[in-house]
Amino acid sequence: MKKKINVDFIVSLIFRIISYMTFLVVVLIIFIVIADGVRYFKPSFFIEYPKKAMTQGGIGPAILGSLIMISLILLFSIPLGLLTGVFLSEYGSKSFIGKIIDISVTSLSGVPSIVYGLFGLALFSITLGFGTSILSGSLTLTIMTLPVIASSVREALAALPRELRESAYALGAKKTETIFKILIPAGKNRIITAILIGAGRVIGETAPVLLTGAVFYSTKLPKSLLDPVMTLPTHIYFITMSYGADAQWMAKATSSFLLILVLVIYLIAFQLRKEEKNV
Amino acid sequence: MFNLTAIREQTILNIRDFDGWYGQKQILKNINMDIYKNKISAIIGPSGCGKTTLLRSINRINDEISDYKTSGEIIFEGKNIYDKDVDLTLLRKKIGMVFQKPVPFPMSIYDNVAFGLKIHGIKDKRKRDEIVKLALKRAALWDEVKDELDKPARELSGGQQQRLCIARALAVDPEILLLDEPTSALDPIATQKIENLIEHLSEEYTIIIVTHNLAQATRISDYMYFMYQGELIEWGPTRIMVRSPKKQLTEDYLNGKIS
């Protein structure tokens, strides 16, 4: 009897220590990165162009570039991901083609981002002739985000009680009516959460944007989707790789801002998930 | 098996030589039975006896389960509902169903009840309002919700949600109402309310209820159908069957020897 309790205690202690370590890493990243960067925050930092070889000014165009990029990615990937997820959950799972799509979606999410970058470079920038542009960059990142959204939508729909579908069918509803009027609204919070988490991940993607859509410095704002932009993660990369010690403050401040942005997105996502659990 | 009072009553549904399989496994074995109009029919039996599968075959909701196959006939309005040209939307309008777990749709109380009306093309708002009100009244829920029809249905209590599901099914004006263990997720007070409601509803609808609660079946049903291991062992008027069952198996079940 006594021995058993001791084993329990030791095992739970191990679990506890390990999970505290994970937590500690998260706290350290957040604290060091954010604390190190926020001290450079001032209104002009968010609006101005970088000046004097990145030693002064701000990251206005990079913020704008990232926002344009993420808006386009969501614009492309939400409808595609939603429809793919619905197909997988409601139509395809048992058919041969459904299985193939299922496997593709799963393997797409395992492809390294640099490979997406090369693929986007070859397909969008070169073959389709979009060059290094917002369009190439956001299409490349759309392909990356698509499997994340599709599989989350599928899971959101699969988690709904069977009776919900059947209640709709039992009233005479057709499959499409059931999907669009009942299932998607019922899974709405989970779907939005998934999209936000996808957005939080993709907004920090560097490698694919580097190859397809980003420019390290631009003196004017993009005029069309075929112009390149500055983005937050590539801006950090360029500064740390190619500029001297005087410019490093800007990399820190930008990292800090990017992390805050991602955290805010995640907080909204978690809040929605909590609401979902409450109902 | 048939007695005289039964013969005089009008049947609404005739199940003939009906078999059901999940893949290779036979769940329903040669079921033959009649359902009487405006009566409460209770299908009873131990879990796994096939009673829910039989109920789910009557509105073909079990078609949604991919490896479910049937043979034989279920005749409703002079036609086998398994015929190829049967319009499922229309069949399910006429044969409504309420499930074990109350599942309100993710919308307001009003929209829940109006959902079926929209499907069946009732576009006139005033007419819809009228039917929603009537359905909620019939489901004995109107007085509790009339001032908050716009409230999300999920905020109702479990018992209220189940009555809402009944109202939702009644709104499309079915002739038969299938109830799959409608009170098993509810507390005794809510159960009592639903039982009263069911008795009331049989004046206008034919009710078929699946329940593993023998006391409930005895209390509310006019006819009882006892199933065991996929077979229909015995059926007849409830008071006669409870008092003098003809088969030993039925007697054992009624006495609690098998469950």
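Q: A polar contact is a pair of N or O atoms within 3.5 Å; within protein, one must be able to donate a hydrogen and the other to accept it, and residues adjacent in sequence count only if both atoms are side-chain atoms. How many residue pairs are in polar contact across the interface of chain B and chain A?

A: The rule finds 5 such pairs there, both residues at pLDDT 80 or more. This is a predicted model, where local features need pLDDT of at least 70 and side-chain atom pairs count only at pLDDT 80 or more, while totals for chains, interfaces and linings use all residues. Residues are numbered from 1 along each chain as its sequence is written, chains are lettered from A and ligands numbered from 1 in the order in which they are written, and side-chain values use heavy atoms, with hydrogens and water left out.

Q: How many residues of each chain are in contact, and what area do the chains bury?

A: The size of an interface is often given as the accessible area lost when the parts come together. Buried area is that loss (1.4 Å probe), summed over both parts. Chain B and chain A bury about 1900 Å² between them, 67% of it on carbon and sulfur atoms. Counting contact as heavy atoms within 4.5 Å, 25 residues of chain B touch 20 residues of chain A.

Q: Which residues form the salt bridge between the chains?

A: A salt bridge puts a side-chain nitrogen of Lys or Arg within 4 Å of a carboxyl oxygen of Asp or Glu. The rule finds 1 across this interface: A:Glu166 with B:Arg56, their closest N and O atoms being 2.6 Å apart.

Q: Is strand β10 of chain B buried or exposed?

A: Strands are DSSP runs of E, at least two residues, numbered from the N terminus. Buried means under 20% relative accessible area, exposed over 50%, and partly exposed in between (1.4 Å probe, protein chains only). In β10(B) (residues 231-237), 6 of the 7 residues are buried, so the strand is largely enclosed by the rest of the structure.

Q: Which strand is joined to β10(B)?

A: Two strands pair if DSSP finds at least two bridges between them. Here, 6 bridges join β9(B) (residues 223-228) to β10(B), and they run antiparallel. B:Met227 stands opposite B:Leu232 in β10(B). The two strands form a hairpin with 2 residues between them, and B:Gln229 in the turn has a positive phi of about 50 degrees.

Q: Where does B:Asn30 lie, and what is its phi?

A: B:Asn30 is in strand β2 (residues 25-36) of chain B. Its phi is positive, about 45 degrees, although it is not a glycine. B:Asn30 is partly exposed, at 45% relative accessibility.

Terms used: Buried area is the accessible area (1.4 Å probe) that two parts lose on being put together, summed over both. Helices (H or I, at least four residues) and strands (E, at least two) are DSSP runs, numbered from the N terminus.
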